[in-house]
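Student: Hi! I've got a chain open on my screen and would like to talk it through with you. Can we start with what sits inside?

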Amino acid sequence: MIVNQVPTKGNLMNIKKSLELAKMGFELLDKKRNILIREMMSLVDTAKALRSEISGTYGRAYFALQRANITLGILQEIANTTPVEESLHVHYRSVMGVELPIVSIDDVEETKITYGFAGTNSQLDIAYLSFHKVKVLTVQLAEVENSVYRLADAIKKTQGRANALKNIIIPNFEAAAKSITESLEEKEREEFARLKVIKAKKTAEEENENIDEIFEEIEMLQNDPYINEKENL
């Protein structure tokens, strides 16, 4: 809150500049919030579609794995041949100053079978391919959900700053500018009245001086012996 502002034209100009900047800042924050909301809503729809797809893929993968376990027994040795995924990469993109992750893995389209075909069947192949698809979808879902979380957090902070500008800072600047303007106008009215009084007093003094001069001239005329002599004649 702005307090103890000396009512001067310099302070009024500074407050008006700050008010203009605050309004500009509010407009920018409002635009930023709208852009972030649109970005988040598009990602929310993508996340819903990915969750639905990944749920169905998980169901098919586990069903195929159960059938493979039934027909081939426990697949621990085959599972041990599956390499650990180490091709995960994380980069970032900026949306209105918010860093959003871009998660990727190598060879998404190419699925390499890491076990031999002897002693296995099609159910294991279906399970392996389904879990590979789950891995890809999980990477995509992680990217989208993390982006949604970051966007939601940024929207909340942006909304808070915009509300502070709209409801606190801008009204304070407007009130301060109004108060100083009224004070300056009151001072101008007082100065104008004071000048009128001074002018009237000066005019009255000049008139009194003129009257005094007139009386002095009359008195001089009355005391002029030449004029008095003429009057006696």
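Student: Which residues have the most contacts inside the largest nonpolar core?

Tutor: Leu36, Val98, Val144 and Leu151 do, in a core of 17 residues. Keep in mind that this is a predicted model.

Student: Which elements give two or more residues to this core?

Tutor: Helix H1 (9-72), strand E2 (98-105) and helix H3 (122-222). H3 provides the largest share, with 8 residues.

Student: Back to Leu36, then. What is Leu36 in contact with, leaving aside neighbours within four places in sequence?

Tutor: There are Val95, Met96 and Val98, and then Leu151, Ala154, Ile155 and Thr158.

Student: And how many residues are in the other core?

Tutor: That one, lying apart from the largest core, has 13 residues. Among them are Leu19, Ala162, Ile170 and Leu184.

Student: Let's zoom out. In what order do the elements run from the N terminus on?

Tutor: The order is α-α-β-β-α-α, so to speak in shorthand for 4 helices and 2 strands.

Student: What about contacts along the chain: what share comes from residues 24 or more positions apart?

Tutor: Counting contacts with a separation of 6 or more, 77% are between residues 24 or more positions apart.

Student: Last topic, the surface. How much of the chain counts as buried?

Tutor: Of its 233 residues, 23% do. The accessible surface of the chain is about 16,700 Å², and carbon and sulfur atoms account for 57% of that surface.

Methods:
Residues are numbered from 1 along each chain as its sequence is written. This is a predicted model: local features need pLDDT of at least 70, side-chain atom pairs count only at pLDDT 80 or more; totals for chains, interfaces and linings use all residues. Side-chain values use heavy atoms; hydrogens and water are left out. A nonpolar core is a set of buried Ala, Val, Leu, Ile, Met, Phe, Trp, Tyr and Cys residues joined through side-chain atoms within 4.5 Å. Buried means under 20% relative accessible area, exposed over 50%, partly exposed in between (1.4 Å probe, protein chains only). Contact means heavy atoms within 4.5 Å. Accessible areas come from the Shrake-Rupley method with a 1.4 Å probe; for residues, only the protein chains shown count as cover.
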